[in-house]
Amino acid sequence: MTLNDNKFKILTDNALVGVYVIDKNVMIQYVNNAAAAMLGYRPEELMGTTSFLTLIHPEDLSLLSNNYQQRLNGETPASHYETRALHKSGRIVNVEVFATVIEDSGERSLAGTVVDITARTEAQNKLTEQQLFLETMNRTLEQRVAEELSIGREKERLIMQQSRFAALGEMVAGIAHQWRQPLNTLGMSIQALQVAHAKGTLTTEFMERHSRKTLDELQYMSQTIDNFRYFFRTETAPVTICLDDAVRKIVDFFSSSVAHITIFVDARSHKNISGHMNELTQVLLSTLNNSRDALQQRKISEGTIRVVVTAEDKRAMIRIADNGGGISDEIIDRIFDPFFSTRDRLTGSGLGLYMTRAIVEKNMNGQIAVANSADGAEFSISIPCW
Amino acid sequence: MRCLIAEDVEFAREMMSFFLSDYAEIDSVDNGETAVELFSAALAEGRPYQFVCLDILMPQMDGQEALKRMRQIEALHEPLSRQKAVIVMTTALNSLEDMQEALWRGDCTDYLVKPVMFADLVAVMTKYGLIPKQKSE
């Protein structure tokens, strides 16, 4: 079969892939319709008149002419490569070429097939671009996650720091609250001595009574500080705590600082827990303070707080319920959030219940929840026990 | 002069009575509700209290509520020309909110933070003309 064979020509002219033959002078000897159309030409525009090098992208020229020479010299009989050709309009056409050496009447030429792979190359380029974009995004994302984590840790640290100040503030406020009344008594007692002396009615009995009263008040004030030191002392290692006794003591301590609220305690779990007394104190006092504030803010005339301790298997439950009217639906989901407070800025740090939840969950391995009852709010604290 | 003291801590009540005994005829109660009852009865009898010391934190009815009721009762009983009772609020809480509520909403005459000083009580009585100036000096 030769190039002039009609059947062969019909076959190659109409092949779906481009077919070409280039002579030793790099002139295009033959192109079929597909090859010519690929670059925007008709075959007759190219055959016999055009150097195939004019159809190659300038940047790929040197590589291609080398390959061409090597093949003509018989050094590389066939090759399969991708290159960039130039369309008649000037745009780049990416092509995949399979080229081989043919010999016709003792003369070597190059013949090959060519496929337009512009769409494929563009798709590949797009894919590469997208992969790069994704990689960059991933790196940025990792960086952003790291930054957010760092910001989160810093926030946590600040909150802890503020909560320590808040706890200190609560302690000072607690002492101040418990000292107000005895200070009033002391002040009045001392003035009474002066007034009685001025009136000339200062008897031994009057003197003794006021001395006793003064000393009793001083002792009470000293006891207040001891109590605070006991309940807020820092223990390094967890200790075994008899839950019922501890709850009773803390509630007793709390009761002494609130007037006009009736507090009932029913602690019969007969269980121990492992932990720190100061943490249990902080948890219970914060919760009790919340109930006290609700009762005082709403001026409930017969305010009641009930503290019940029960246990089931290895779980102890402390329930603290008040009759303060409950927590509105709008805020009940937010009361454990940091800096959320319904009290004014002077008295409420908004950290009490947040820290309570943090201590219960992180340090005591427990849970705390709040729900409304018929006439108030009920906090439930569940912690492991034995 | 008639004086009514409403204070839930017994010792404080006793001491206030002791301080004021030279200046007034004293009645003392331990809650806001009884204080309002006595205040109302005294007005009805035509022997009103001129001086009232009201503790803010008290059981049954707190001082703020008692103050409001006393002013309402006073307004019902008295013609405008009649002098209102000097009502002094006392509290252990030195709180801005308490003070504002007592002064602006409850219409109290004055406000004393505990520990209540005898000299301050005398100064208040003098300031509002309940006792002559020389007696306090």
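**Helix, cores and a cavity in a predicted model**

Colleague: Which residues of helix 5 of chain B are buried?

Modeller: In this predicted model, helix 5 of chain B covers residues 118-127, and its buried residues are B:Phe118, B:Leu121, B:Val122, B:Val124, B:Met125 and B:Thr126. As general background, an α-helix has 3.6 residues a turn, so residues three or four places apart point the same way.

Colleague: And what follows helix 5 of chain B?

Modeller: The helix is followed by B:Gly129, which has a positive phi, near 70°.

Colleague: Changing to the cores, which residues have the most contacts inside the largest nonpolar core?

Modeller: That core has 44 residues, and those with the most contacts inside it are A:Leu243, A:Leu280, A:Ile305 and A:Ile318. Apart from it lies another core, this one of 29 residues, including B:Phe51, B:Val122, B:Leu130 and B:Ile131. B:Val122 is also one of the buried residues of helix 5 of chain B.

Colleague: What is A:Ile305 in contact with, leaving aside its neighbours within four places in sequence?

Modeller: With those neighbours left aside, its contacts include A:Phe254, A:Ile261, A:Ile263, A:Phe264, A:Leu288 and A:Leu295, and also among them are A:Thr262, A:Ser291, A:Arg292 and A:Asp322.

Colleague: How many helices and strands are there in chain A?

Modeller: Chain A has ten helices and twelve strands, and of its 386 residues 39% are buried. Taking the contacts in chain A between residues at least 6 apart in sequence, 60% of them join residues at least 24 apart. The accessible surface of this chain comes to about 22,400 Å², with 54% of it belonging to carbon and sulfur atoms.

Colleague: Now the cavities: how many are there of 30 Å³ or more?

Modeller: The structure holds one cavity of that volume or more, and about 300 Å³ of space lies in the largest cavity. It is lined by 21 residues, of which A:Tyr20, A:Leu39, A:Phe52, A:Ile56 and A:Val114 are the closest to its centre.

Colleague: Which elements give two or more residues to that lining?

Modeller: They belong to chain A, and among them are strand 1 (18-22), helix 2 (33-38), helix 4 (61-72) and strand 5 (107-116). By residue class, the lining divides into 19 nonpolar, one polar and one charged.

Colleague: One last residue, A:Ser51: does it count as buried or exposed, and why?

Modeller: A:Ser51 counts as buried because its relative accessibility is 17%, and the cut-off for buried is under 20%. A:Ser51 sits in the loop between helix 3 (43-46) and helix 4 of chain A, and, its neighbours within four places in sequence left aside, it is in contact with A:Val26 and A:Met27.

Terms used: Residues are numbered from 1 along each chain as its sequence is written. Chains are lettered from A and ligands numbered from 1 in the order in which they are written. This is a predicted model: local features need pLDDT of at least 70, side-chain atom pairs count only at pLDDT 80 or more; totals for chains, interfaces and linings use all residues. Side-chain values use heavy atoms; hydrogens and water are left out. On a 1 Å grid over the protein atoms alone, a cavity is a set of points where a 1.4 Å probe fits but cannot get out, and a pocket is an open set with protein on both sides within 12 Å along at least five of seven lines; lining residues have an atom within 4 Å of a point. Grid points are joined across faces, edges and corners, and a volume is the space filled by probe spheres set on the points. Helices (H or I, at least four residues) and strands (E, at least two) are DSSP runs, numbered from the N terminus. Ala, Val, Leu, Ile, Met, Phe, Trp, Tyr, Cys and Pro count as nonpolar, Asp, Glu, Lys and Arg as charged, and the others, Gly among them, as polar. Buried means under 20% relative accessible area, exposed over 50%, partly exposed in between (1.4 Å probe, protein chains only). Contact means heavy atoms within 4.5 Å. Accessible areas come from the Shrake-Rupley method with a 1.4 Å probe; for residues, only the protein chains shown count as cover. A nonpolar core is a set of buried Ala, Val, Leu, Ile, Met, Phe, Trp, Tyr and Cys residues joined through side-chain atoms within 4.5 Å.
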